[in-house]
Amino acid sequence: MSELKMEKKHFLSGDEAVAYAVKLCKPDVIAAYPITPQTVIVEKISEFVAAKEMDCQYLHVESEHSAMAASMGASLMGSRTFTATSSQGLLYMCEMLHYVSGSRFPIVMVNANRTVAAPWNIYGDHRDSLSQRDSGWIQIYVENAQEALDATIQAYKIAENSCVSLPVMVNLDGFVLTHTYELVDIPNQEMVDEFLPSFTTTNKLDFNNPKSLCFSASPEWQTEFRYQQYEAMEAAKKIINKADEEFGKIFGRYYGGMIEEYRCADADYALVAMGSVAGTTRLVVDKLREEGKKVGLVKLRSYRPFPKEYFQKLGRRVKAVGVIDRDISFGYEGAVYSDVKGALFHPGAQVKTINFIAGLSGRDITKEYLTEMYQKLEAIDKGQNIAEVQFTGLRWT
Amino acid sequence: MIEIRWHGRGGHGGFTAARLLGLAASVYGGNYSQAFPSFGPERRGAPVLGFTRIDIEQINDHSQVYNCDYVIVLDETLLDTVDVTKGIKEEGILLINSAKSSEQFNFPNNIKIRTFNATKTALEVLGVPITNTVMLGAVVAITGVVKLEAVKSAIDEFMAPELRDKNKKAVEVAYNSIKGVN
């Protein structure tokens, strides 16, 4: 990166980093409703607005359902919008998530990943966002505060691309990222403006070009609407990668788009991880590599759209794949695991797989746990019988 | 990587100290750092934790801190209920805010202990028994993980204007006091 492009470094929490990203993206409308561990995002934005550092409509809505409804109303008028939520709040806006994606409004929302009740708990896992898998939202997961900032800026670029025109949910782990302070580069405004021009759309109410939006569709047409959503999600795969490349060219930071591989080129055993645990896994990979183990990490950034094509190829390259799920789909297995497995077992693949359920409701995923996961992958490859779904660190077995 | 755990009670500013140290070490010290509180609801007076990680390389570890190079105790009464020695590394140091000398404490495993009467210094300099920045000064003097000037810059960036001068003084008094006896 050239001297000219050096950005000022700040010591920010993940929530604060998101707030700075939002400020740089210059949304017209923000709908704010607080919920732990997201609250700092909308608080910090309200400070920016109060200090006139942001020029936007800041709406204090009465619920998350209203937050998403208000965002949709604003987007319907052609406004760039932002909102943030978490856990029960995300569930409460569930109905509106479908309205927004089906109406193709490119709203960006940050979800601070937190488990869902009961048992009630404010700590992090992915059960909130993964439960909204089929809401038609693009879902991106980030590893640290810097990526939270950068992915939020990228999210607008992806959402507002005319081939996509879908809402994007950026997910950052509750507390582990939202409340941890790290060194973060805040890009300068001119560079963000270069990357992200102001929002223009034809998908809005316009006196000069009257049309209906958010209407009902009869059985004769509903399938075609769904097909277009499907196509838009498929198109988003390329756009997510392209947005990351363009971002990297301007800001010097690349994240790999849909996925990032870490030391996978010659790996026998790969762990698939989403969110902050990807960082900790890097350390474990480095340590095991020093011991001669051929291990690697696949950091899954985009859960929807899902990089099926990547995993189809991975299944032919490695001997065993473990998937860390910070969730569980009761009656089956971890949700991410199902998707990865479905793609891995493309014809020709001989790969073995294990699902590691870990980090539920804020339970720490330690380096020791991650080391054990790699050991289990090696063991299953060597013929040991290991139950497919493993609850990591369970108090009893 | 250096890992530091701060023990305080809700309202003592233990996490503020953890964060000031992280800010000083990174933005003003040229290192990478992380600072985080014990996650969850905060209650005034309840035992709480703060953590600071400092490294010359980017810190990718997002698991919790289990082994500490330094443990800082802002309130001596915590020793009755909390095992502050947990996870201290062999060469680690336990720094306690206390009027007692380190010899008057008796912990197993020959843990290296330092004490500093931060409450006395806080009352003299700040006029209130808030010991977080005083203890921060002591940490800087004992550990050398950051320069005193970096901590002062962090206070200038982080604290409200009316608090800056007296807290910088608090840090400096503690620092000089410890450096003087070394």
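Buried means under 20% relative accessible area. The model discussed here is predicted.

Q: Is Glu147(A) buried or exposed?
A: The cut-off for a buried residue is under 20% relative accessible area. Glu147(A) has 0% relative accessibility, so this residue counts as buried.

Q: Which residue meets the side chain of Glu147(A) in a salt bridge at 2.6 Å, N to O?
A: Glu147(A) lies in helix 7 of chain A, and its partner lies in strand 11 (residues 295–300), so the pair ties together parts that are 152 residues apart in sequence. The partner is buried, with a relative accessible area of 2%. The 2.6 Å contact (N to O) is made with Lys299(A).

Q: Which residues are joined with Glu147(A) and Lys299(A) into one network?
A: The network arises from salt bridges that share partners. Besides Glu147(A) and Lys299(A), its members are Glu143(A), Glu260(A), Arg282(A) and Arg301(A).

Q: How many residues apart in sequence are the parts that Glu160(A) and Arg80(A) tie together?
A: The two side chains meet in a salt bridge (2.8 Å, N to O). Glu160(A) lies in the loop between helix 7 (145–159) and strand 7 (168–173), and Arg80(A) in the loop between helix 3 (64–76) and strand 4 (81–85), so the parts tied together are apart in sequence by 80 residues.

Q: What is the relative accessible area of Lys89(B)?
A: Lys89(B), in strand 5 (residues 88–97) of chain B, pairs with Asp69(B) in strand 4 (residues 68–73). Their salt bridge spans 3.0 Å, N to O. Asp69(B) is buried at 17%, whereas Lys89(B) is partly exposed, with a relative accessible area of 28%.

Key: Residues numbered from 1 in each chain as written. Chains lettered and ligands numbered in written order. Predicted model: local features only at pLDDT ≥ 70, side-chain atom pairs only at ≥ 80, totals over all residues. Heavy atoms only, no water. Salt bridge = Lys/Arg side-chain N within 4 Å of Asp/Glu carboxyl O. Helix = DSSP H or I, 4+ residues; strand = E, 2+ residues; numbered from the N terminus. Buried < 20%, exposed > 50% of the residue type's maximum accessible area, 1.4 Å probe, protein only.
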